[in-house]
Amino acid sequence: MFNNLFKVMGKKFLAITILVFLVSALAFAAKKSWKHKVEVWESKNGFDMSNPRTDYLYKPIKKVSKKWQLCVSFPHMKDAYWLAVDYGVVEESRRAGVKMNLVEAGGYTQLSKQISQIEDCVTGGADAVIIGAISADGLNNLVKKIRGQGIPVIDVINGISSPELSAKSLVSFGEMGGKAGEFLAKRHPSGKKVNVAWFPGPAGAGWAEAGNTGFVKAIESGAINLVATRH
């Protein structure tokens, strides 16, 4: 699964793109030097995952120009997935020589807490903000406010719909949902329809909504009857 770097208006965000790939370091965090194959979407009209992709071999910088202070916000750290992301962010921050303050909101029902934590982080002097968002749309006003202060905001993993973002480092949850749907459609291509209940993830979370869209589209080609979708 590739991490994906977006570039806006054809511009490369120098210090920002370095920060964007902190999470790419999960498997390499303990190494002094590493490189990682990623897929890049480029768009002159903002972030669009439907655009063509190109492969890119990402190599992080060996030394930062100053000891940047990063604010990293995650939805929670209740499972192995987010613990692994936490490990990558912490270790790569150490390797790169930057300061990093990581906060976690405690779950996908805690949007107001995530917003408050990020606001406190910015007040504390963050040079950049990296967000694993609880909601695709619910952080847009905050992102706009932070960007208005000249602070880069990077969307990591979950997806934020704001056009104000500086960069994104994502995987395609739409494709992942599509793969699950493809499997079912190929297994039941015709004949009597099979009843399926689908649990895409928390309502309003960008990754869950994208996964749901991909899944629903993929099962259209098979004998699938989607009897329930539960978040």
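The largest nonpolar core of this predicted model has 17 residues. Phe74, Val85, Ile130 and Ile157 make the most contacts inside this core. Four elements each supply at least two of its residues: strand S4 (69-74), helix H2 (80-96), strand S6 (128-131) and strand S7 (153-157). Helix H2 gives the most, with four residues. Another core, of 16 residues, lies apart from this one. Ile118, Val129, Ile131 and Leu165 are among its members. In soluble globular proteins, nonpolar side chains tend to be buried together.

Phenylalanine 74 was examined further. Its relative accessibility is 0%, so phenylalanine 74 counts as buried, the limit being under 20%. Neighbours within four places in sequence were set aside. The contacts of phenylalanine 74 are then Trp82, Val85, Asp86, Val89, Leu102, Val103, Glu104, Ala105, Gln114 and Gly132. One of these residues, Val85, is also listed with Phe74 among those with the most contacts inside the largest core.

Aromatic side chains were considered next. The model holds five aromatic pairs. Phenylalanine 74 and tryptophan 82 form one that is tilted. Their ring centres are 4.9 Å apart, with 45° between the planes. The pair counts as tilted because its angle is neither under 30 degrees nor over 60. Tryptophan 82 has a relative accessibility of 3% and therefore counts as buried. Phe74 and Trp82 also belong, with Tyr81, to one aromatic cluster.

A further pair, tryptophan 198 with phenylalanine 215, is stacked. Here the centre-to-centre distance is 3.8 Å and the angle between the planes is 10°. The angle is under 30 degrees, so the pair counts as stacked. This pair links distant parts of the chain. Tryptophan 198 is in strand S9 (residues 194-198), whereas phenylalanine 215 is in helix H6 (residues 206-218). The two residues are 17 residues apart. Both tryptophan 198 and phenylalanine 215 are buried.

Another tryptophan, at position 41, is found in strand S2 (residues 36-43). Its relative accessibility is 1%, and tryptophan 41 therefore counts as buried. Asparagine 51 is 10 residues from tryptophan 41 in sequence. In space, the C-alpha atoms of tryptophan 41 and asparagine 51 are 6.2 Å apart.

Terms used
Residues are numbered from 1 along each chain as its sequence is written. This is a predicted model: local features need pLDDT of at least 70, side-chain atom pairs count only at pLDDT 80 or more; totals for chains, interfaces and linings use all residues. Side-chain values use heavy atoms; hydrogens and water are left out. A nonpolar core is a set of buried Ala, Val, Leu, Ile, Met, Phe, Trp, Tyr and Cys residues joined through side-chain atoms within 4.5 Å. Buried means under 20% relative accessible area, exposed over 50%, partly exposed in between (1.4 Å probe, protein chains only). Contact means heavy atoms within 4.5 Å. Rings of Phe, Tyr and Trp (its six-membered ring) pair if their centres lie within 6.5 Å; planes under 30 degrees apart count as stacked, over 60 as edge-to-face and the rest as tilted.
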